[in-house]
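Q: I am new to this structure and would be grateful for a close look at a single part of it. Please choose one sheet and the elements around it, and then place that part in its wider setting.

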Amino acid sequence: MATRRLRDKRRPAVRYHEGSPSLRHWWLPYALLSPAIFLIVVFGLSAIVGGFVVSLQGERFSSGHAETLFVGLRNYVAVIGSSIFAKSVLATAEYNLVANPLLVGSALAIGIALTRAGRLATFFQSTLLLSVCLSWTVTLLIWRSILSEGGLANGILAALNLPTQPFYTSASQALWVTVAISAWAGIGFWSLVFLGALRAINPEVIEAAALDGASAIQRFRYVVLPMMRRTLLLASVVLTASNATVFVPAQLLTLGGPDNSTHFIMYEASQKLFYDGRPGEAVALVGLLMIVVFGLVFIQFRIVGSDDA
Amino acid sequence: VTLVSLGLLTTACAGATNPGSPTGGSVAVEPTAAGEPSSSAEQSSAGGAPVTISLVANGEPRYAGWVKAFNATHPGIQVKLEDSGASGGAANVAALRFGQKDPTLDITSDEVGFDIQWFTKGWIDPLDTYFSAEELKAFVPSRLADETYQGHFLGVPVTNSTLMLGLNLDLFKQAGVEPPPGMKETGVDAVANGAWTWEKVAEVAKTIQEKTGMPGLQFPKGEMWVMYPLGEQLGGNVTSPDGLTVKGFLDGPAWLQLAKWFQDVHASGAATVMNPEWGYEEFTAGKVAMVELVAEQNTICLTVKFECDVAAEPHFQGVQPKSARGSNALVLSAFSQHKKEAAEFLRWVALDPAAWKIFEEDTLPSQDAPVTKTLTDPAYDKFPASVKRLAAYQQLNWPADQPKSPADPEIWRVWDEVWLDIQTGAKTPAEGIQELTERADEALNIYR
């Protein structure tokens, strides 16, 4: 209750239609939104519709002649029925199930730590930005070098008389290596996002909870987390979408292996397009993935979200 | 992110399903008599500004050299080289542009097997109408056969990729074992006749590994196609003759035998289980005694600091040596608006000795005259230039059959994945061969 009151006091509701005369026109918000709506329609919705059309098309071949056909859901049936599909789904699901909570949890922990870092906070924030500044390609080249057979990681293990590890050349380790690299690459950005959200919380609220006798864990659970709900929802939605479409580590580090352990759905889709020359099946795969991502995002809104989220 | 991904894919795919581009989309051109110079350059220039055609290829110097030389002598046609970056990049870039029926793409370099798929999809025009039967005899027979599918000549073969065995003689000395005869000390006949068996290679590699601590043998990154001629030596075929069936071929005993040998030679420590990023760097750094070498690497011994040699491609005990042969080719887009001019460039590359000259500083070409000349030309008497002579000998005498299937690109990408897993032990040989056959069979479904 105290939280709600303080928030309401801090940010009184703005009723734009009662504001300045220039904001009184009913059409003005739509006019302001129109550029964004235009871009969404052109680059989003039209792509979805176009992709759906392509996914319903196939080809019939004769010598040097290809005829485009409407094949209904045959592309969807083909990709779902392929022997690699289940492995791709499993690899993508495992990656997401671990990478998303790991990244959110780690970034949140670092964000909290940074609120208590004192004068060193600026240094740590700058350091965290390093990984944000690196492209995925550079990040993977760095880690490929570190984790290679003769790389830094195995050098350290050998110096400590520990067994060296195959890392991304092992079917049992490659997926977790890509998860770890993904977490490393994203942790700087999300730590700073969470740090911003934490600093936006009015300290008086937490102090009030402490005065009411709430323990540190209770303050975190019942005060801090609810007030970070919007940020957490943003992180979970963005990470779900981006990690579900994970592709670069498979392309640059593992080639989808070993033993298909990193054969992610988007990797298979890219291979179907570039190597197999099967756009219909490639788009069908991405379409199926999109449906799953939309479903997950919807669930996240239901669980984490609320009216104001 | 998903929307953007879908958008990119959709954009890439727009029109990718080719609505019936007929083979006959090529402009009607009378077959040119052998050696007869074409006059289209003059015709083009007569009309005013030169016609510009595009060539998508990787950054290898031969393409830039060709463009420069051709443009200088053909004022009516200007070829614009569009560098696709990596060696496989041209095929990927071309596939996207073919999918959009891009009329600004005229010629592209392709990888082995891609042109059969592209022809099947109607993306490229066969070159039958631009070359007479007599002119086609200019090519090494095996390379001409590579580019001939269902009676059509699909692309101008550019290079050869016959395989040889690179040797680090320093590691042989350290281990106290004799190397196979190499081009450094002897002639091509002695080297070819003294080619080791793979059994011998594995045995010596193991000895070197035990005595020096260095791996004895390496199969380099991204070159899993080298397994094909090895399997063929054992009697294996990838597909049926029509290229549409793999069951009963790819899951045959030859491939299983090869897979077991391949996994054993790595598991025993005789060969190094490569990291996916390793190319030839381990060999050039002096960290491996023997490496499977492609003809394009014929000058590798100039780049190393150890005593280096090159031996003939090994073969399995009691069987005929066979080495890979296929490599890049140049193909003509079915959507090109300047087919006549593009064909003229292709004819120049294929038939004009001025174009062949570029291979003097490059790898082995695909034309019979310069390849045969390499066997006797004094310019190739001395090592390391003589390595090219060995490559020429193998190309002419030990060519493996090239698998031909409209699903070649699909099969080869699964091939790379599965043989890598067999190599690292992620799959048993039986599991690997089973998966390879299953996925290749799925890939062929739409072509049957």
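A: Two strands are said to pair if DSSP finds at least two bridges between them. With that in hand, the sheet chosen here can be described; the model is a predicted one. In chain B, four strands form an open sheet in the order β9-β10-β8-β11, and the pairing within this sheet is mixed. Its edge strands are β9 (217-218) and β11 of chain B, each of which pairs on one side only. In general, the strands of a sheet pair through backbone hydrogen bonds, either parallel or antiparallel. Within this sheet, β8(B) and strand β10 (residues 290-294) of chain B run antiparallel and are joined by five bridges. One position illustrates the register: L163(B) has V294(B) in β10(B) as its bridge partner.

The sheet leads to a helix, α17 (residues 386-397) of chain B. The buried residues of α17(B) pack against β8 (163-168) and β11 (308-311) of chain B, and also against the helices α7 (141-146), α9 (188-193) and α16 (368-374) of that chain. Ten of the twelve residues of α17(B) are buried, so this helix is largely enclosed by the rest of the structure. The buried residues are S386(B), V387(B), K388(B), R389(B), L390(B), A391(B), A392(B), Y393(B), Q394(B) and Q395(B). The length of the helix can also be checked. At 1.5 Å a residue, the twelve residues of α17(B) should span 16 Å, and the end C-alpha atoms lie 17 Å apart, which agrees.

M290(B), at a residue number within β10 (residues 290-294) of chain B, also belongs to the largest nonpolar core. That core has 84 residues, of which W261(B), M290(B), W415(B) and W419(B) touch the most other members. Leaving aside neighbours within four places in sequence, W261(B) is in contact with W198(B), A202(B), F219(B), L230(B) and F316(B). Apart from this core lies another, of 32 residues, which includes V51(B), W66(B), L136(B) and F359(B). In soluble globular proteins, nonpolar side chains tend to be buried together.

The second core leads to another group of strands. Strand β1 (residues 51-57) of chain B is mostly covered, with six of its seven residues buried. β1(B) pairs in the parallel sense with strand β2 (residues 77-83) of chain B over seven bridges, and V56(B) stands opposite E82(B) in β2(B). Together with helix α3 (residues 61-73) of chain B, β1(B) and β2(B) make a right-handed β-α-β unit. β1(B) also pairs in the parallel sense with strand β3 (residues 107-110) of chain B, here over two bridges. In β3(B), I107(B) is the bridge partner of L55(B).

As a wider setting, chain B has 19 helices and twelve strands. Of its 448 residues, 61% are buried. Among contacts in chain B with a separation of 6 or more, 78% join residues 24 or more positions apart.

Definitions and conventions
Residues are numbered from 1 along each chain as its sequence is written. Chains are lettered from A and ligands numbered from 1 in the order in which they are written. This is a predicted model: local features need pLDDT of at least 70, side-chain atom pairs count only at pLDDT 80 or more; totals for chains, interfaces and linings use all residues. Side-chain values use heavy atoms; hydrogens and water are left out. The expected span of a helix is 1.5 Å times one less than its number of residues. Buried means under 20% relative accessible area, exposed over 50%, partly exposed in between (1.4 Å probe, protein chains only). Contact means heavy atoms within 4.5 Å. A crossover is right-handed if, with the strands pointing away from the viewer, the path from the first strand over the helix to the second runs clockwise. A nonpolar core is a set of buried Ala, Val, Leu, Ile, Met, Phe, Trp, Tyr and Cys residues joined through side-chain atoms within 4.5 Å.
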